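User: Hi! I am new to reading protein models. Could you take me through this one and explain the terms as we go?

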Amino acid sequence: MNCKGCIFDLDGVIVDTAKYHYLAWKRLASEMGFDFTEKDNERLKGVSRMRSLDILLEVGGKTVPEDKKEALAAKKNNWYVEYISKMDKSEILPGVENFFKTLKANNIKIALGSASKNSMLILNNLGLTDYFDAIIDGNKVSKAKPDPEVFTLAAKEMNLSPSECVVFEDAQAGIEAAKAGNMKVIAVGSEENLKDFDKIIPGFEGVGLDLISF
Ligand code: BG6
Ligand code: MG
């Protein structure tokens with residue numbers, strides 16, 4: 001396979017925002033009178049905002065009418081945005097920007113494929129926006145991962161076919177989405193939590209072009 005484009009998930013691949021999602025969800029849980037642990041937070045990785053709220057409510061054993069959910073999610077998001085607004089370049093995960101430079105130097109396109117609706121704020125704060133040939137995020141898709149929509153749209157916007165793209169993902173739902181879209185997928189994380197990938201790396205430190213040769 002000749003890789004012509006790399007599609008990156010954002011949260012957990014380019015930057016560790018899980019800690020900020022956690023702080024914001026925990027704050028909401030505490031306001032509603034229950035505890036939300038870091039282990040519970042693992043269940044939210046790669047999951048959409050509204051689905052995350054449902055999981056949080058399930059953890060707390062709370063039932064909330066559908067028409068009240070938007071307001072709760074908005075409250076959490078305001079806190080989350082407050083935290084991520086303070087982020088800067090120093091929070092880019094090790095090796096990511098170097099790998100982007102290697103890809104650019106070799107004419108390999110770069111796209112974002114993320115569920116987040118805050119991706120532009122994050123990429124701008126990290127100073128990474130200009131590397132991207134396509135940015136597909138939670139504002140542009142109607143179906144959440146494991147549906148392949150986010151990745152197929154990213155390939156389309158890069159004018160590439162799925163078989164020319166490699167996806168980088170830290171969440172199982174994202175790995176499944178890439179496979180469903182007929183793309184190679186490189187998992188970022190540990191084999192303890194992830195399966196069905198083509199390759200796995202612990203992170204981007206020391207990573208070179210040979211990683212995307214299959
Ligand atoms: C994913 C995160 O990338 O984006 C999830 O892994 C998060 O934890 C989802 O819920 C939606 O993000 P946001 O920023 O739109 O609330
Ligand atoms: Mg992720």
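**Salt bridges and a metal site**

Analyst: Happy to! By the rule used here, there are 13 salt bridges. This is a predicted model, where local features need pLDDT of at least 70 and side-chain atom pairs count only at pLDDT 80 or more, while totals for chains, interfaces and linings use all residues. Residues are numbered from 1 along each chain as its sequence is written, chains are lettered from A and ligands numbered from 1 in the order in which they are written, and side-chain values use heavy atoms, with hydrogens and water left out.

User: Why is the contact of Lys145 and Asp9 called a salt bridge?

Analyst: A salt bridge needs a side-chain nitrogen of Lys or Arg within 4 Å of a carboxyl oxygen of Asp or Glu. For Lys145 and Asp9 the N to O distance is 3.0 Å, so the pair qualifies.

User: How do you know whether Lys145 and Glu31 are buried or exposed?

Analyst: Buried means under 20% relative accessible area, exposed over 50%, and partly exposed in between (1.4 Å probe, protein chains only). Lys145 has 11%, so Lys145 is buried, whereas Glu31, at 48%, is partly exposed.

User: What makes Asp9, Asp11 and Asp170 donors of the magnesium ion (ligand 2)?

Analyst: Donors are N, O and S atoms within 2.8 Å of the metal (3.2 Å for Na, K and Ca); water is not among the atoms, so sites may look incomplete. Asp9 (OD), Asp11 (O) and Asp170 (OD) coordinate the ion at 2.0 to 2.1 Å, so they meet the limit.
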